[in-house]
Amino acid sequence: MSAISFSGVGSGIDTKTIVNALVAAEIDPQRAQLSSRKTTLDAQLSSFGRLKSALSEFQTTLNNLKTPDKFQVRSTTVGNEERFTATARSNAQPGDYQVSVEQLAKSQRLMTADNAFASSSTVVGSGTLTISTGGAYDPDLGNGFTVNIDPSKATLDDIRRAINNAPGNDAVTASIVNVDDGNGGTQARLILTAKETGVANALTVAVTEGTEPGLSALASANLVESRAAEDAIIRVNGLSATRSTNQITDVIQGVTLNLKSEEPGAEIDLRIGTDNSAIEKNVQSFVDAYNKLQNVLKDIAGKDSSGLRGDSTVRMLSTQLRAFTTSEVADVNPQASFLSQIGVSIDKDGKMSLNKARLNERLNEDFNSVANLFTSEQGVATRLDDFIKPYTQVGGLLDNRTEGVNSRLRMLNDQQDRLDIREENLFNRLSRQFNAMDSMVAQINSNGAFLSAQLASMQW
């Protein structure tokens with residue numbers, strides 16, 4: 001409020017206190033009413049936020065249960081993981097296999113001839129190297145790249161660097177090792193290692209000599225093969241399969257084999273099964289999220305402080321959720337048409353629980369029936385997700401309710417601003433009136449004192 005001074009000297013009355021009391025008497029009830037409304041709206045905003053968060057968390061658990069592929073979780077058991085490991089995708093069929101790793105896939109390794117170069121700084125020669133995989137370089141196939149060797153940068157180390165940095169080189173790594181030369185000294189040998197395994201990725205090096213001869217020492221015909229390119233060979237249930245890599249994805253449907261070591265003829269047991277533990281985890285998450293959601297709904301509906309006590313949206317959500325989870329699912333196996341039949345039950349207080357032993361028993365007895373209970377067109381997860389989606393989606397019911405609360409809060413803030421202005425205007429008007437009254441009383445008192453003095457001085 002404006003800084004208006006009060007004297008009260010003329011009247012002897014505490015006019016400031018009177019003005020403040022009059023302003024408070026008119027403004028404070030309205031301010032209290034606005035504050036109460038804001039507290040309620042803030043509580044509603046918080047409650048809608050809690051509710052949407054709980055619904056979204058519950059919806060996430062439904063996404064892990066509402067489609068058949070979420071139930072096609074596979075487990076793998078390998079008899080000896082020193083030979084290979086295995087992972088299985090949802091399309092893998094449960095079953096037992098015998099797998100032997102006859103041969104690992106290997107990348108080819110070529111190196112310069114013995115005692116060809118004394119050191120990495122030895123000049124080799126200039127010209128062009130053409131390095132390809134799977135045979136001679138074919139521009140149409142794009143199976144290689146070229147490296148131009150300038151006479152000014154033609155040492156063995158320069159060539160190593162040029163090969164590794166060449167555009168289009170995704171096939172080979174060049175390195176240099178310094179080893180004994182057999183005569184008491186050392187020699188440098190350039191090693192070319194294919195980046196990919198398999199016979200199809202064997203290297204070919206062609207050379208076009210330049211002005212400084214000698215580059216032909218790096219042609220394939222003059223290099224030594226220290227390791228041959230080989231394909232991986234496995235046998236599955238006695239049948240042979242050859243692949244170019246040690247990661248094999250297309251021999252057993254839906255199964256990836258990662259080969260680690262070879263032992264011809266040694267059959268290793270591989271079992272592909274249904275991963276009940278993953279399904280149990282998803283169902284337990286569903287149970288936990290359901291209980292959390294119902295607790296939030298109960299808390300919101302049962303407390304005045306939530307701002308939503310008795311709200312119809314909250315009541316309907318709680319009622320429908322329980323109805324969708326306890327009612328029968330149509331067009332599925334009658335022995336698995338209720339959640340209670342697979343170990344999921346709700347007690348008299350509305351709390352859901354999971355009997356894991358019962359769930360696993362039913363999964364082992366009739367896996368598909370349990371899956372259909374959740375994933376069918378009218379399955380529990382499907383219909384619950386369809387029911388919740390209008391509440392949680394962008395622009396959905398909860399977003400609209402939240403925006404309505406925010407709109408009322410904005411209007412409330414505007415009313416608060418107008419009340420502040422009114423309070424200041426009222427204070428200023430009353431202050432001016434009381435100051436004018438005080439001045440008038442002071443003038444009257446002054447006049448009275450003057451008259452009294454005059455009368456007292458008169459001679460009768």
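Start by selecting F286. Leaving aside neighbours within four places in sequence, F286 is in contact (heavy atoms within 4.5 Å) with F58, T61, L62, L65, T325, L339, M352, V380 and L384. Before you go on, note that this is a predicted model, in which local features need pLDDT of at least 70, side-chain atom pairs count only at pLDDT 80 or more, and totals for chains, interfaces and linings use all residues. Residues are numbered from 1 along each chain as its sequence is written, and side-chain values use heavy atoms, with hydrogens and water left out.

**The nonpolar cores**

Keep F286 on screen and add F58, L321, I342 and F374. Of the 57 residues in the largest nonpolar core, F58, F286, L321, I342 and F374 touch the most other members. A nonpolar core here is a set of buried Ala, Val, Leu, Ile, Met, Phe, Trp, Tyr and Cys residues joined through side-chain atoms within 4.5 Å. Buried means under 20% relative accessible area, exposed over 50%, and partly exposed in between, using a 1.4 Å probe and protein chains only.

Which elements should you colour to see this core? At least two residues each come from α1 (15-63), α4, α5, β17 (352-354), α6 (356-365), α7 (367-375), α8 (380-392) and α9 (397-457). Helices (H or I, at least four residues) and strands (E, at least two) are DSSP runs, numbered from the N terminus. Colour α1 with special care: α1 gives the most to this core, with 11 residues. Next, select L110, I131, F145 and L223, which are included in a second, separate core of 24 residues. In soluble globular proteins, nonpolar side chains tend to be buried together.

**I163 and its neighbours**

Now select I163 in helix α3 (residues 156-165). Is I163 buried or exposed? At 1% relative accessibility, I163 is buried. Not counting residues within four places in sequence, I163 is in contact with L129, I131, F145, V147, N169, V172, A174 and L192. Then zoom out and draw a line from I163 to S457: their C-alpha atoms are 127 Å apart, with the two positions 294 residues apart along the chain.

**S107 and T193**

Go to S107, in the loop between β3 (95-103) and β4 (109-111). S107 has a relative accessible area of 8%, so it counts as buried. Show its side chain and look for the backbone oxygen of A194, which that side chain reaches at 3.5 Å. This is a polar contact: a pair of N or O atoms within 3.5 Å where, within protein, one must be able to donate a hydrogen and the other to accept it, and residues adjacent in sequence count only if both atoms are side-chain atoms. Beyond its neighbours within four places in sequence, S107 is in contact with T193, A194, E196, T197, R227, A228 and A229.

From there, step to T193 in strand β8 (residues 186-194). T193 and Q108 are 85 residues apart in sequence, and their C-alpha atoms are 6.0 Å apart in space. Leaving out residues up to four places away in sequence, T193 touches S107, Q108, R109, A171, V172, T173, L203 and R227.

**Two positive phi angles**

Most residues other than glycine have a negative phi, and most peptide bonds are trans. Select N115, in the loop between β4 and β5 (127-133). N115 has a positive phi of about 60° although it is not a glycine, and at 38% relative accessibility it is partly exposed. Then pick D331, in the loop between α5 and β16 (344-346). Its phi is also positive, near 60°, and D331 is exposed at 79% relative accessibility.

**The largest pocket**

For the last stop, select N291, Q294, N295, K298, S318, R322, D349, G350 and K351, which line the largest pocket. Two or more lining residues come from each of α4 (276-302) and α5 (312-326), and α4 gives the most, with four residues.

A pocket here is an open set of points on a 1 Å grid over the protein atoms alone, where a 1.4 Å probe fits, with protein on both sides within 12 Å along at least five of seven lines; lining residues have an atom within 4 Å of a point. How much space lies in the largest pocket? About 180 Å³, where the volume is the space filled by probe spheres set on the points, and grid points are joined across faces, edges and corners.

Finally, colour the lining by class: no nonpolar, five polar and four charged residues. Asp, Glu, Lys and Arg count as charged, Ala, Val, Leu, Ile, Met, Phe, Trp, Tyr, Cys and Pro as nonpolar, and the others, Gly among them, as polar.
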